[in-house]
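This briefing covers two pockets and two residues of the structure shown below. Please read it alongside the sequence and the coordinates.

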Amino acid sequence: MESALIISSTEKGFDFFSDILSAASITQISALRSCGEARRLILERDFDLLVVNAPLRDESGESLSRYIASKGVSQVILIVKNEYFDAVSAVCEGDGVLTISKPVNKTVFWSALMLAKSAQSRIKRIQNENARLIQKIEDIRIVDRAKLILVSCMNMSEKEAHRYIEKQAMDMRSTRREIAEGVLRTYEN
């Protein structure tokens, strides 16, 4: 984690969470006082972690936390008053929001922070794998389109078209996709 946004209506909350985040090697720490400000800033840039110290000036912080957690990879830690903890936690846990009850001590917050870091690492690995698989599917689609063109324009069998693309890729030290794109440029114009 590199960036964090603290949303707290008190200066004491900013200082407490900033100290712990700095100790966790989070270098870019921003702070805001309301959910409205946070919603505007989140539209402009992404954060790895959001710490919502509820209640806030303009809302409880629960809906903001759920919204952020459902939007992407940002991890969200929501700190709520002890009397609301069970109800808020039950609502937010399905969205992946880590909920902590007040009063918060450094050990509890540190544990939640380490859980958030771990979850974010796992999500990023899954996103990278997903992107790799999407790229692979796109490569297969392009190669298949090129094979279809070779079959229809060059009267090759599917097996011959496949072999042609593979052999060209090996001979030219290129990828099958690059050869397929060359075939598509040649015959689709």
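A polar contact is a pair of N or O atoms within 3.5 Å; within protein, one atom must be able to donate a hydrogen and the other to accept it. The model discussed here is predicted. In it, the side chain of Ser74 lies 2.5 Å from the backbone oxygen of Phe47, and both Ser74 and Phe47 are listed among the residues closest to the centre of the second largest pocket.

**Ser74**

- Ser74 sits in the loop that runs between helix H3 (62–71) and strand S4 (75–80).
- Ser74 counts as buried because its relative accessibility is 15%, and the cut-off for burial is under 20%.
- The partner of the Ser74 side chain at 2.5 Å is a backbone atom, the oxygen of Phe47.
- Leaving aside residues up to four places away in sequence, Ser74 touches Phe47, Asp48, Leu50, Ile68 and Ala69.

**Second largest pocket**

- The volume of the second largest pocket is about 230 Å³.
- Its lining is made up of 15 residues, and Ile42, Asp46, Phe47, Gly72 and Ser74 are the closest to the centre.
- Helix H2 (35–44), H3 and helix H5 (106–154) are the elements that each supply two or more residues to this lining.
- With three residues, H3 makes the greatest contribution to the lining of the second largest pocket.
- Sorted by class, the lining of the second largest pocket holds seven nonpolar, four polar and four charged residues.

**Largest pocket**

- The largest pocket encloses about 270 Å³ of space.
- Among the 14 residues that line the largest pocket, Lys12, Gly13, Phe17, Asn53 and Lys102 lie nearest its centre.
- Helix H1 (residues 11–23) provides the largest share of the lining of the largest pocket, namely four residues.
- The lining of the largest pocket comprises seven nonpolar, five polar and two charged residues.

**Gln120**

- Gln120 is located in helix H5, one of the elements that give two or more residues to the lining of the second largest pocket.
- Gln120 is buried because its relative accessible area is 4%, where burial requires a value under 20%.
- Not counting residues up to four places away in sequence, Gln120 is in contact with Met1, Asp48, Val73 and Gln75.
- Asp48 appears in the contact list of Gln120 and also in that of Ser74.

Definitions and conventions
Residues are numbered from 1 along each chain as its sequence is written. This is a predicted model: local features need pLDDT of at least 70, side-chain atom pairs count only at pLDDT 80 or more; totals for chains, interfaces and linings use all residues. Side-chain values use heavy atoms; hydrogens and water are left out. Buried means under 20% relative accessible area, exposed over 50%, partly exposed in between (1.4 Å probe, protein chains only). Contact means heavy atoms within 4.5 Å. On a 1 Å grid over the protein atoms alone, a cavity is a set of points where a 1.4 Å probe fits but cannot get out, and a pocket is an open set with protein on both sides within 12 Å along at least five of seven lines; lining residues have an atom within 4 Å of a point. Grid points are joined across faces, edges and corners, and a volume is the space filled by probe spheres set on the points. Ala, Val, Leu, Ile, Met, Phe, Trp, Tyr, Cys and Pro count as nonpolar, Asp, Glu, Lys and Arg as charged, and the others, Gly among them, as polar.
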